[in-house]
Amino acid sequence: MAFNTAPLIDRLDLTTLASGRHAFRFGALQMATGQDWQIPVLVFKGARPGPRVVITAGTHGDELNGVLAAQQLGRELDAEALSGTLVLLPGVNLPGMLERHRDFVPSDPDCSTANLNRLFPGKADGDSAQRYLHRIWNGLLAGNADYALDLHTQTRGASYPLFVFADFRNPTALAMARWLGADCIQDDPGDPGVLETVWNQLGVPCVTLEVGSGSAMAPELIQRAVSGIHRVLAQLKVGPAVPEVALPVPFEGNATATVRAQYGGLAIPQVRLGEAVAEGDLVAVQYDPFGAERQRYHAPVAGRVLSLNDDPLREPGSLLVRLLYRR
Ligand SMILES: [Zn+2]
C-alpha cells in the first residue's frame, strides 16, 4: 500500500485490529500551512496473543541509521509468525528529517529548535514541539507497549559503534541490552524527558540503541541492529527463534569521560571505536589553520573508545573522544 493511501488515524487502538500487517498515517500536528505532519505507523499483529513491543526511530531527525534499521525490520517481519504485537514508528521527527536536523524544527520564528528526546511525554498546551510529542505519546505510544526500543545514532559529526544505553537497575532492560549484540553498553539511569526513561518509569522496560553516526549510512551496523532486534523479539517470545550466532562480548561501563577540544581547528582521532586505551594514551591531535600541530590530547582514564569525531572541524568545547569505563 502506498503511503498516501494508508488509512489516516487519530489514535492507534491495537485491541480492535485483526491479526496481520497494518500500515497507517498518523496526523501528529498541523503545520503552519494547515496540512498535517503525517507519521508512518506499521503494526504487526501476530496470529497468537503475546506482549506488545513498540520500536521508535528518528526522534532525532538526522539519525537515519535508526530509521533505516526500523524500515528494514519492517520489511523482514512476518506478522503471522509473531506471538503478540509489534508497533513500528520508523520516522518520528518529520520536521527534523526534512531539515537534516537533530531537533524538531518549528516554523514559528518565535520558537527555537527543540530536542524531542528531552521533552517526552510532551505537553498539550505547550509549543509546537511539545504538542507534536503529546499527540504522538497519547495517540500512538501510551498504553500500547509492554517493552520498547528507541533507535538513535551519535549526534552528527561524531560516531558510535553499536551501543546501548540501559538502566541496569531494570533487569529486563539489561537483558534486552545484552541480547542486542552491541559492542558497548552503558549503565545509565536516564534523564527527564528521554523516551527510554519515561517508558522505564511507567514499568515498560526500554533501551536506547545507537547505530553509528548521524546522516552517514553504516550498512554493517544497521544489519547488526536489525539482527539484534530480531534476537530481542525471539527472547521476549514475540518473534520466532533466530539462529544462534557468536556475539561480541560487549564492554559494559557506568561512566564516561569526554575529551573536548581546547582550541578551534581540525582534529584527527588517534584511536579507533571500541579500542581499549590506558590512562595517558594519545587519543587525538588538533591542528592550527596552517596545519601545524596545535594540541595533543590524552586519555584522562583507562576505558574503551565509545565515540570519536568524524567531522574534523572542531571548535573549543567540541567532542573529540569519549571513553566508556567502569567507576
Ligand atoms: Zn539521538
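The following legends describe close-up views of a predicted model.

**View 1. The open four-stranded sheet contains β15, β14, β12 and β17, in that order.** The pairing within this sheet is antiparallel. Strands β15 (293-298) and β17 (313-314) stand at the edges; each has a single partner strand, so one side of each is left without a neighbour in the sheet. As a general matter, strands of a sheet pair through backbone hydrogen bonds, in either a parallel or an antiparallel arrangement.

**View 2. Strand β12 is paired with β17 and with β14.** Strand β12 comprises residues 265-269 and is joined to β17 in the antiparallel sense over two bridges. One bridge partner pair is formed by G265 and R314, the latter in β17. Strand β14 (residues 282-287) pairs with β12 over three bridges, again in the antiparallel sense. Here I268 stands opposite V285 of β14.

**View 3. Strands β14 and β15 form a hairpin with five residues between the strands.** The two strands run antiparallel and are joined by five bridges. Residue V285, which stands opposite I268, also stands opposite R296 in β15. Within the hairpin, G291 adopts a positive phi near 90 degrees.

**View 4. Strands β7 and β8 are parallel partners linked by a β-α-β crossover.** Strand β7 covers residues 158-166 and strand β8 covers residues 184-187, with four bridges between them. Among the paired residues, A166 has D187 of β8 as its bridge partner. From β7 the chain passes through helix α4 (residues 171-179) to reach β8, and this crossover is right-handed.

**View 5. Strand β8 also runs parallel to strand β10.** Strand β10 consists of residues 251-253, and three bridges join β8 to β10. The bridge partner of Q186 in β10 is G253.

**View 6. Helices α1 and α6 cross at roughly 50 degrees.** The axes of α1 (residues 64-76) and α6 (residues 219-235) come within 9 Å. That angle, roughly 50 degrees, makes α1 oblique to α6. The crossing in which α1 passes α6 is right-handed. On the α1 side the contact is made by N65, L68, A69, Q72, L73 and E76, and on the α6 side by L221, I222, A225, V226 and I229. By class, the contact has eight nonpolar, two polar and one charged residues.

**View 7. The peptide bond joining F120 and P121 is cis.** Its omega angle is about 5 degrees. Residue P121 is found in the loop between α2 (94-98) and α3 (128-141).

**View 8. Residue S215 has a positive phi although S215 is not a glycine.** The phi value of S215 is near 65 degrees. This residue lies in the loop between β9 (206-213) and α6. Helix α6 is one of the two helices in the oblique, right-handed crossing with α1.

Technical notes:
Residues numbered from 1 in each chain as written. Predicted model: local features only at pLDDT ≥ 70, side-chain atom pairs only at ≥ 80, totals over all residues. Pairing = 2+ DSSP bridges. Right-handed = clockwise from strand over helix to strand, strands pointing away. Axes fitted to C-alpha atoms, helices over the stretch in contact; angles between N-to-C directions. Parallel < 35°, antiparallel > 145°, perpendicular 65-115°, else oblique. Left-handed = near helix turned anticlockwise from the far one by under 90°. Contact = placed C-beta atoms within 7 Å. Nonpolar A, V, L, I, M, F, W, Y, C, P; charged D, E, K, R; others polar.
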